[in-house]
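Welcome, and thanks for taking a look at this one with us. Please have the sequence and the 3D view open side by side as you read.

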Amino acid sequence: MELVLFMDMRWLYVIKKGKRVILAIRAIRRKETKVCILTYLLSELSSLNIRVEKLYLDREFFSMPIIRWLKVLDIPFIIPTQ
């Protein structure tokens with residue numbers, strides 16, 4: 001049996017008519033990059049046939065690799081810096 005430890009959780013949710021609906025959850029492993037986490041969550045949206053109009057991310061995702069990746073994917077985004 002393999003024991004896998006994870007440090008944290010990330011989830012992807014949509015707010016519709018004031019209600020939050022969780023669409024995907026990801027357990028974060030120790031050396032997993034933010035780009036990897038974001039790619040996984042976005043792929044879950046794709047499998048649900050949900051189109052992203054604008055992505056709102058926590059400030060922990062504020063980094064050049066994330067910004068570059070979102071620009072390549074042509075996804076509008078907002079990330080607070082402070």
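Here is a short briefing, grouped by topic. Please keep in mind that this is a predicted model. Its largest nonpolar core has 16 residues, a search of the whole structure finds four salt bridges, and a nonpolar patch lies on the surface.

**The nonpolar core**

- A good place to begin is the largest nonpolar core, where L38, L42, L55, L57, I66 and L70 are the residues with the most contacts inside it.
- The elements that give two or more residues to this core are β2, α1 and α2, the last of these spanning 64–73.
- Helix α1 provides the largest share of this core, with five residues.
- If you centre your view on L38, you will find L55, L57, I66, W69 and L70 touching it, with residues up to four places away in sequence not counted.
- As general background, nonpolar side chains tend to be buried together in soluble globular proteins.

**Strand β1 beside strand β2**

- L12 is found in strand β1, and it counts as buried because its relative accessible area is 12%, under the 20% cut-off.
- Leaving aside neighbours within four places in sequence, L12 is in contact with V21, I22, L23, A24, L41 and L45.
- I25 is found in strand β2, and its C-alpha is 6.4 Å from that of L12, although the two residues are 13 apart in sequence.
- In contrast to the buried L12, I25 is partly exposed, at 47% relative accessibility.

**The nonpolar surface patch**

- Which residues form the nonpolar patch on the surface? They are W11, Y13, I15, I22 and I25, and together they have about 520 Å² of accessible area.
- Two elements give two or more residues to the patch: β1, covering 8–16, and β2, covering 19–28.
- Of these, β1 contributes the largest share, namely three residues.

**Salt bridges around E60**

- Three charged residues deserve a look together: R10, K34 and E60 are linked in a network of salt bridges.
- Between E60 and R10, the closest N and O atoms of the salt bridge are 2.7 Å apart.
- This pair links distant parts of the chain, with E60 in the loop between β3 and α2, R10 in strand β1, and 50 residues separating them.
- Burial differs across the pair: R10 is buried, with a relative accessible area of 15%, whereas E60 is partly exposed, at 33%.
- E60 also forms a salt bridge with K34, and here the closest N and O atoms are 3.6 Å apart.
- Because E60 sits in the loop between β3 and α2 while K34 belongs to helix α1, this second pair ties together parts that are 26 residues apart in sequence.
- K34 is partly exposed, with a relative accessible area of 32%.

**The R26–E32 pair**

- Another salt bridge joins R26 and E32, and its closest N and O atoms are 2.4 Å apart.
- The side chains of E32 and R26 are likewise joined by a polar contact of 2.4 Å.
- Are these charged partners buried or exposed? R26 is buried, with a relative accessible area of 16%, and E32 is buried as well, with 18%.
- E32 has its place in the loop between β2 and α1.
- Not counting residues up to four places away in sequence, E32 touches R26, A27 and I37.

**Two loop residues with positive phi**

- Most residues other than glycine have a negative phi.
- K17 has a positive phi of about 55° although it is not a glycine, and you can find K17 in the loop between β1 and β2.
- K17 counts as exposed because its relative accessibility is 81%, over the 50% cut-off.
- N49, also not a glycine, has a positive phi of about 60°.
- The place of N49 is in the loop between α1, which covers 34–47, and β3, which covers 55–56.
- With 72% relative accessibility, N49 counts as exposed too.

Definitions and conventions:
Residues are numbered from 1 along each chain as its sequence is written. This is a predicted model: local features need pLDDT of at least 70, side-chain atom pairs count only at pLDDT 80 or more; totals for chains, interfaces and linings use all residues. Side-chain values use heavy atoms; hydrogens and water are left out. Patches are made of residues with over 30% relative accessible area and no salt bridge: like charges are joined within 9 Å, nonpolar side chains (Val, Leu, Ile, Met, Phe, Trp, Tyr) within 5 Å. Accessible areas come from the Shrake-Rupley method with a 1.4 Å probe; for residues, only the protein chains shown count as cover. A salt bridge is a side-chain nitrogen of Lys or Arg within 4 Å of a carboxyl oxygen of Asp or Glu. Helices (H or I, at least four residues) and strands (E, at least two) are DSSP runs, numbered from the N terminus. Buried means under 20% relative accessible area, exposed over 50%, partly exposed in between (1.4 Å probe, protein chains only). Contact means heavy atoms within 4.5 Å. A polar contact is a pair of N or O atoms within 3.5 Å; within protein, one must be able to donate a hydrogen and the other to accept it, and residues adjacent in sequence count only if both atoms are side-chain atoms. A nonpolar core is a set of buried Ala, Val, Leu, Ile, Met, Phe, Trp, Tyr and Cys residues joined through side-chain atoms within 4.5 Å.
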